[in-house]
Amino acid sequence: PRRGQLREAGRARERAPRLHERAARLEPPRRPPPGDPGERLREGVVFVAPPRHSVTLHDGQLTLETLERTTSPRYTITRLFDSAAKAYRDRVIGVILSGYLTDGSQGLRAVHEAGGLTIIQNPEDAEQWEMPANALKQVPEATFRLNGVDIGLTLDLMARRNAELES
């Protein structure tokens, strides 16, 4: 991908093969035409932001923003969760997995307060326990606290149930 462009989650295949197997489809994002505010959300498509960029969500559009040198990359997950909670309220699912520090904890709180579902990986199950443990401190009443292997299955079941309800 070109610098500063959303890309398909090709590398995620190596890191999270189960996620890749469960995705309905993965495809590279199109380059938006001039004047297009960003990439539209599409079912079954996973986007990954390039380093030093943040993704926010507004009116169904993913907006890629370059981080200022003074902005910590750790807040990018929180910014995405905050914007998704504002845009989709109780239709958002926020997931915190293995990682360091407090990444995403405040944004997960925003998802919870908007009525969305919150899923946190059990810290004991995580390769890096710090991020899920901090998320549990911020959102002790999380909807689900699951082992990593169960998160993908739970999301898959929720998606299938939602599809049944919509048909």
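With which residue does Arg-79 form a salt bridge, and how far apart are the closest N and O atoms? In this predicted model, the partner of Arg-79 is Glu-65, and the closest N and O atoms are 2.4 Å apart. The two residues belong to distant parts of the chain, Arg-79 to helix α3 and Glu-65 to strand β5, with their positions 14 residues apart. Arg-79 has a relative accessibility of 30% and therefore counts as partly exposed. Glu-65, at 24%, likewise counts as partly exposed.

Strand β5 (residues 61-66) also takes part in an open, antiparallel sheet of three strands, ordered β2-β5-β4. The edge positions are held by β2 (39-40) and β4 (53-58), each of which pairs on one side only. Two bridges connect β2 with β5 in the antiparallel sense, and Glu-39 has Leu-62 of β5 as its bridge partner. Between β4 and β5 there are six bridges, again antiparallel, and His-58 stands opposite Gln-61 of β5. The hairpin formed by β4 and β5 has two residues between the strands, and Asp-59 there adopts a positive phi near 50°. Strand β4 is mostly covered, five of its six residues being buried. Helix α3 (residues 76-88) lies across β4 and β5 and runs at about 5° to β4.

A further open sheet contains three strands in the order β6-β7-β8, paired in parallel. Here β6 (93-96) and β8 (144-146) are the edge strands, each pairing on one side only. Direction ignored, neighbouring strands of this sheet are turned by 15° against each other on average. Strand β7 (residues 117-121) is joined to β8 by three bridges, and Ile-120 has Arg-145 of β8 as its bridge partner. Helix α5 (residues 130-138) packs on this sheet in contact with β6, β7 and β8, its direction making about 140° with that of β7. The buried residues of α5 include Met-131, Pro-132, Ala-133, Asn-134, Ala-135 and Leu-136. Their cover includes α3, β6, α4 (105-113), β7 and β8.

In soluble globular proteins, nonpolar side chains tend to be buried together. The largest nonpolar core of the model comprises 19 residues, of which Leu-62, Phe-81, Ile-96, Leu-108, Val-111, Ile-120 and Ala-135 touch the most other members. At least two residues of this core come from each of β4, α3, α4 and α5. With residues up to four places away in sequence not counted, Val-111 touches Phe-81, Ala-85, Val-92, Gly-94, Gly-116, Leu-117 and Thr-118.

The salt bridges number six in total. One of them joins the side chains of Arg-109 and Glu-141, at 3.1 Å from N to O. Because Arg-109 lies in helix α4 and Glu-141 in the loop between α5 and β8, this pair ties together parts that are 32 residues apart in sequence. Arg-109 counts as buried at 16% relative accessibility, the limit for this class being under 20%. Glu-141, with a relative accessible area of 39%, is partly exposed. Another salt bridge pairs Glu-164 with Arg-161 (3.4 Å, N to O). These residues are three apart in helix α6 (residues 148-166), so about one helical turn separates them. Arg-161 is partly exposed, its relative accessible area being 47%. Through salt bridges that share partners, Arg-109, Glu-113 and Glu-141 are joined into one network.

Technical notes. Residues numbered from 1 in each chain as written. Predicted model: local features only at pLDDT ≥ 70, side-chain atom pairs only at ≥ 80, totals over all residues. Heavy atoms only, no water. Pairing = 2+ DSSP bridges. Helix = DSSP H or I, 4+ residues; strand = E, 2+ residues; numbered from the N terminus. Contact = heavy atoms within 4.5 Å. Axes fitted to C-alpha atoms, helices over the stretch in contact; angles between N-to-C directions. Buried < 20%, exposed > 50% of the residue type's maximum accessible area, 1.4 Å probe, protein only. Core = buried A, V, L, I, M, F, W, Y, C linked by side-chain atoms within 4.5 Å. Salt bridge = Lys/Arg side-chain N within 4 Å of Asp/Glu carboxyl O.
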